[in-house]
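Welcome! Please take a look at the sequence and the 3D structure below, and then read on for a short guided tour.

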Amino acid sequence: MLSVHLLSPTTDDLLPADEQYRSIVEEDLLLSPLWSFWLERNPHLDMNFFNHFFTTLDQETALYRQAICHDFLQNNTLLEKLFQIALKAHQTKPAYFILLSNNAERLLDTAVADLQSLLPHLEALAQVCQEEPHVNSTGLQTFLTRTAKLLTTSYLQKLATFLKYLTFPQGMRFTMSCNNLLKPIPTDLLYPKLTANKHQFWQLFSHLHASSHSIVLDERDESGFRILSELRCQALFSVAHLLARVRDNIKKFFSTMLDQISFYRCAYQLANYLKEQQLPYAFPVFSNDVNLERTYPLQIALQGQVISTDLSLPNNSLLIITGKNQGGKTTLLRLLGICYLFGACGYFVPARQAKLPFTHLWTHFQRNETIEHQHGKLADELARLEAIISQLHPQDTILLNETFSSTNEAEGSLLAEEIFTALLTQSVRLHCVTHFYQLANYFWEKQNPHYHFLAPQLHASKPFQFSPQEPHPSADSESLFNSIFSG
């Protein structure tokens with residue numbers, strides 16, 4: 001049976017992404033410019049495609065995808081050939097409405113015509129796979145080899161012959177028999193004997209066999225013709241529905257292939273754009289450390305602007321980013337989020353070199369108060385955070401942007417200290433942007449080597465530069481308030 005397995009080594013039936021989770025992360029990381037970049041270049045895609053970035057994987061599957069992605073980045077010709085074959089096959093629309101027809105011959109004609117329209121795409125795919133292009137990844141090698149073995153020249157020729165026969169250029173033959181009451185029982189459609197491997201799909205019809213017995217009806221035997229017509233309909237409907245299932249399986253294969261090839265084609269398009277902008281990208285090495293060399297925000301890069309920084313967070317479990325507004329703290333937090341998200345789904349990340357933990361990402365950013373917030377912003381923050389905490393697992397990462405800023409510093413810091421401490425005890429990784437000096441200083445005083453503290457560099461020669469810094473009281477909310485409303 002044809003299968004793709006380019007996004008998972010074991011299945012094409014991938015688990016769907018949680019819609020609420022996806023919506024939150026999309027909004028918090030500002031991913032819409034990236035989706036727009038790809039949608040403009042791929043009119044066949046819809047928003048459901050981006051579920052691939054939010055499906056929970058294991059590290060082995062992420063590395064499996066990395067290897068395939070690397071192959072396609074090195075061989076765009078192969079990528080484009082496979083994409084065009086899948087796209088054209090996907091755009092071949094079967095006339096499903098005819099399946100509602102009571103005309104058995106019309107039903108069979110439709111199923112045969114649909115398969116004949118898909119046959120050239122199977123032949124084109126077989127040719128590409130049989131060319132044995134040089135690839136290194138296990139996933140892509142397996143796909144090409146498996147498909148070439150199934151779609152042999154002999155198989156495709158016999159399939160074409162079989163479909164041509166089902167147009168009945170020399171008339172139709174079928175068997176019938178009678179039960180003990182001399183009433184006809186279900187019949188079989190006959191076709192010429194074909195020599196084929198038992199695994200070929202037309203062997204589904206191997207129960208059909210020729211017969212040397214025949215009967216000729218008198219042309220005035222209306223009852224006989226009516227009975228034979230009904231029997232013929234039974235035989236034709238049986239074969240037509242069987243062919244329709246085969247057709248649907250082939251269509252599903254090409255649809256799945258298009259979806260999975262598009263995942264890597266999007267990666268190639270982004271990589272090509274970054275090259276044009278002279279921006280680097282790298283597949284992350286999974287590690288407990290965060291080490292990003294010349295990393296940059298993708299959303300800003302897609303606007304033609306370039307700001308970059310270097311990050312080194314050895315064996316980090318807690319990162320607290322402090323400092324005054326307009327320093328790029330939230331932008332840095334979103335950048336880390338995209339790196340984690342891309343790394344976990346098998347993509348490269350925006351950096352010249354990258355080491356990252358393999359982790360499942362969660363986000364908790366500020367929300368504007370709406371009419372739905374019946375209990376106030378603080379209650380809403382706590383409710384949203386509780387919903388995330390109930391789903392967290394060890395080694396997950398949560399990004400928190402100005403958490404509890406809806407209350408005063410003393411109360412917000414105490415809440416955050418309790419929650420952060422509990423999560424760290426459960427081996428959850430925390431990255432936090434805050435103006436609460438009390439909160440930042442609480443963890444600073446613990447002098448834990450796995451806790452890291454960053455702040456924007458003042459008077460740096462270029463923007464978006466961060467360095468390890470002790471939290472400073474001037475970063476707290478009271479100072480921020482005074483700086484805005486003083487005078």
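Is Phe443 buried or exposed? With a relative accessible area of 1%, Phe443 is buried; here buried means under 20% relative accessible area, exposed over 50%, and partly exposed in between, with a 1.4 Å probe and protein chains only.

A word on the ground rules. This is a predicted model, in which local features need pLDDT of at least 70 and side-chain atom pairs count only at pLDDT 80 or more, while totals for chains, interfaces and linings use all residues. Residues are numbered from 1 along each chain as its sequence is written, and side-chain values use heavy atoms, with hydrogens and water left out.

**The chain as a whole**

The chain holds 14 helices and 12 strands. Both kinds of element are DSSP runs numbered from the N terminus: helices are H or I with at least four residues, and strands are E with at least two. Of the 487 residues in the chain, 48% are buried. Contacts, meaning heavy atoms within 4.5 Å, often link distant parts of the sequence: among those between residues at least 6 apart in sequence, 75% join residues at least 24 apart.

**Two helices that meet**

Two packed helices are described by the angle between their axes and the distance between the axes. Helix α12 (residues 409-425) and helix α13 (residues 437-444) have axes that come within 8 Å and cross at roughly 35°. These axes are lines fitted to C-alpha atoms, for helices over the stretch in contact, and angles run from 0 to 180 degrees between N-to-C directions. The crossing of α12 and α13 is right-handed, which means that the near helix is turned clockwise from the far one by less than a right angle (anticlockwise would be left-handed).

Which residues of α13 meet α12? They are Tyr437, Gln438, Leu439, Tyr442 and Phe443, and their partners in α12 include Leu414, Phe420 and Leu424. By class, this contact has 9 nonpolar, 3 polar and 2 charged residues. Ala, Val, Leu, Ile, Met, Phe, Trp, Tyr, Cys and Pro count as nonpolar, Asp, Glu, Lys and Arg as charged, and the others, Gly among them, as polar.

Helix α13 has more to show. Ala440 lies in it and is buried, at 0% relative accessibility. Setting aside residues up to four places away in sequence, Ala440 touches Ile320, Thr322, Phe453 and Pro471. Ala440 and Thr322 are 118 residues apart in sequence, yet 7.8 Å apart in space, C-alpha to C-alpha.

**Rings and charges**

Rings of Phe, Tyr and Trp (its six-membered ring) pair if their centres lie within 6.5 Å; planes under 30 degrees apart count as stacked, over 60 as edge-to-face and the rest as tilted. By this rule there are 30 aromatic pairs. In one of them, the rings of Tyr442 and Phe443 have centres 5.0 Å apart and planes at 90°, so the pair is edge-to-face. While Phe443 is buried, Tyr442 counts as partly exposed at 31% relative accessibility.

Charges can sit over rings too: this applies if NZ of Lys or CZ of Arg is within 6 Å of the ring centre and within 35 degrees of the ring normal. Here are two cases.

| Charged residue | Ring | Distance to ring centre |
|---|---|---|
| Arg65 | Phe263 | 5.2 Å |
| Arg265 | Phe83 | 3.8 Å |

**Helix α4 and its surroundings**

Helix α4 (residues 76-90) contains Lys88, and Ile85 is placed in α4 as well. Ile85 counts as buried at 10% relative accessibility, whereas Lys88 is partly exposed at 49%. Beyond four places in sequence, Ile85 touches His121, Ala124, Leu125, Val128 and Phe254. The C-alpha atoms of Ile85 and His121 are separated by 6.0 Å, with their positions 36 residues apart along the chain. For Lys88 and Leu258, 170 residues apart in sequence, the C-alpha distance is 9.4 Å.

**Two positive phi angles**

Most residues other than glycine have a negative phi. Glu402, in the loop between β9 (397-401) and α12, has a positive phi of about 55° and is buried at 11% relative accessibility. Gln447, in the loop between α13 and β11 (451-456), has a positive phi of about 50° and is exposed, with a relative accessible area of 56%.
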